[in-house]
Amino acid sequence: MMPRVNKSCLFLLLSVIATVTHITADASGQLQTHQIKHVADITGDDPGGLSLPGDVVVVKGRIYVVDGGNHRVVVFDGSGKQLFKFGKQGSERGNFNGPVGIGADHSDRIYVADRGNNRIQVFNRDGKQLRSITVMDDGNLVRPIDVAATPDGSTLFVTGNNNHSVMAFNQKGKLLRKWGGRGAENGKFRYPATIVFTADKRVVVVDVLNTRIQLFEQSGKFITSIGGWGVLPGQLVRPKGIVVDKDGRFLVSDSYMEVVQVFDDAGHFLYVLGDNEKPYRMTSPAGMTIDSDGRLYVAEMLDNKVSIFELGR
């Protein structure tokens, strides 16, 4: 149960959130950063370009961007040249209504969380719709935020916005299991968002309003959490995206603090991605991915672009 907060404390907390605009150093006065190099921006070739891009995935050199404001997915080559797009606003087969998250499996199937249509849509790498899975929980429609497919595509793990849960479906749309529910205790969520896997198959979930990252076994058993509310290194205000690099480090985007923080496999804070020993500021960073060459792609929602970075060592 959440503790009671009196009105004066609540006002103070909201005032702090409203006025803090950057991550601060720890008690030692040090803020560890890791130099990154900005390589390119992807904005789209159409008039107006991308609008509120929420997530991105790279599949065999192709960059798939969820163009949420335009209710579609836009596909680019490795140089950022637009190749094609699929979807438009609507509820028909292959169309979208406020899509948010995107994922892929080892068979190059693309999975899109079609939030407003309460479904996960599955496409081949060329944008042809293969199937649609309605997201339901106890007979109620759920708004999906993100989807992560196991490498063979047999199981889809989906975060639900209005049931505050993680759900696992098979390819036919059968609900296999779920866990969570609204709350602040371990294993509970308040608006879970991005969901990914570690190399050893743990499930990693961004728990947005609880300002933390939670790790689970695929059965739903809670393992540990990372983060907690605050503006010191290793703390979070509005986490949105997460990606795991080849060394098992967790990169977490904070859309309010406008930075990406990095944690080790045990959840200890390592550093903030930076430029000239200062945090690299992004505009509402959300979904992220890392390609096979180690480049980081960040969907900067309010800047209507996907930024590409060399992470270095």
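## Exercises: strand S18 and its surroundings

Both faces of S18 are covered in this predicted model: Val203, Val205 and Asp207 are buried on one side, and Val204 and Val206 are buried on the other. Let's work outwards from there.

**Exercise 1.** Work out how many residues of S18 are buried, and what that says about the strand.

*Solution.* Start with the cut-off: a residue is buried if its relative accessible area is under 20%. Next, go along the strand: five of the five residues of S18 pass, so S18 is largely enclosed by the rest of the structure. To see how the two sides arise, remember that side chains in a regular strand alternate between the two faces of the sheet. Here, Val204 and Val206 sit on one side, with Val203, Val205 and Asp207 on the other.

**Exercise 2.** Find the strands that pair with S18 and place them in their sheet.

*Solution.* Step one: look towards S17. Strand S18 (residues 203-207) and S17 pair in the antiparallel sense, with four bridges. Val196 has Val204 as its bridge partner, while Ile195 stands opposite Val205.

Step two: look towards S19. This pairing with S18 is antiparallel too, over five bridges, and Asp207 stands opposite Arg212 in S19.

Step three: put the sheet together. It is an open one of four strands, running S17-S18-S19-S20 with antiparallel pairing. At its edges are S17 (192-197) and S20 (222-227), each paired on one side only. From one strand to the next, the twist averages 20°.

**Exercise 3.** Compare the two hairpins that S18 takes part in: how many residues lie between the strands?

*Solution.* Take the S17 and S18 hairpin to begin with: five residues lie between the strands, and Lys201 takes a positive phi near 75°. Now the S18 and S19 hairpin: four residues lie between these strands, and Thr211 in the turn has a positive phi of about 50°.

**Exercise 4.** Track down the largest nonpolar core and see what Phe250 touches.

*Solution.* The core has 15 residues, and Val204, Ile213, Ile242 and Phe250 touch the most other members. So where do the members come from? S17, S18, S19 (212-216) and S22 (250-254) each supply at least two. Then zoom in on Phe250: leaving aside neighbours within four places in sequence, its contacts include Val204, Leu215, Ile226 and Ile242. Val262 is also among the contacts of Phe250, yet Val262 belongs to a second, separate core of 14 residues that also includes Leu273, Val298 and Leu311.

**Exercise 5.** Classify the ring pair of Phe157 and Phe197.

*Solution.* Check distance, then angle. The ring centres are 5.5 Å apart, and the planes meet at 85°, so this is an edge-to-face pair. Next, find the rings in the chain: Phe157 is in strand S14 (residues 155-160) and Phe197 in S17, 40 residues apart. Phe157 is buried, at a relative accessible area of 0%. Finally, widen the view: ring pairs link both into a cluster with Trp179, Phe189, Phe216 and Phe222.

**Exercise 6.** Decide which stretch of the model to read with care.

*Solution.* Start with the whole protein: the mean pLDDT is 92, and 90% of residues reach 70 or more. Then look at residues 1-20, where pLDDT is below 50. Where pLDDT is low, the predicted coordinates should not be read in detail.

Methods:
Residues are numbered from 1 along each chain as its sequence is written. This is a predicted model: local features need pLDDT of at least 70, side-chain atom pairs count only at pLDDT 80 or more; totals for chains, interfaces and linings use all residues. Side-chain values use heavy atoms; hydrogens and water are left out. Two strands pair if DSSP finds at least two bridges between them. Axes are lines fitted to C-alpha atoms, for helices over the stretch in contact, and angles run from 0 to 180 degrees between N-to-C directions. pLDDT is the predictor's confidence in each residue, from 0 to 100. Contact means heavy atoms within 4.5 Å. A nonpolar core is a set of buried Ala, Val, Leu, Ile, Met, Phe, Trp, Tyr and Cys residues joined through side-chain atoms within 4.5 Å. Buried means under 20% relative accessible area, exposed over 50%, partly exposed in between (1.4 Å probe, protein chains only). Rings of Phe, Tyr and Trp (its six-membered ring) pair if their centres lie within 6.5 Å; planes under 30 degrees apart count as stacked, over 60 as edge-to-face and the rest as tilted.
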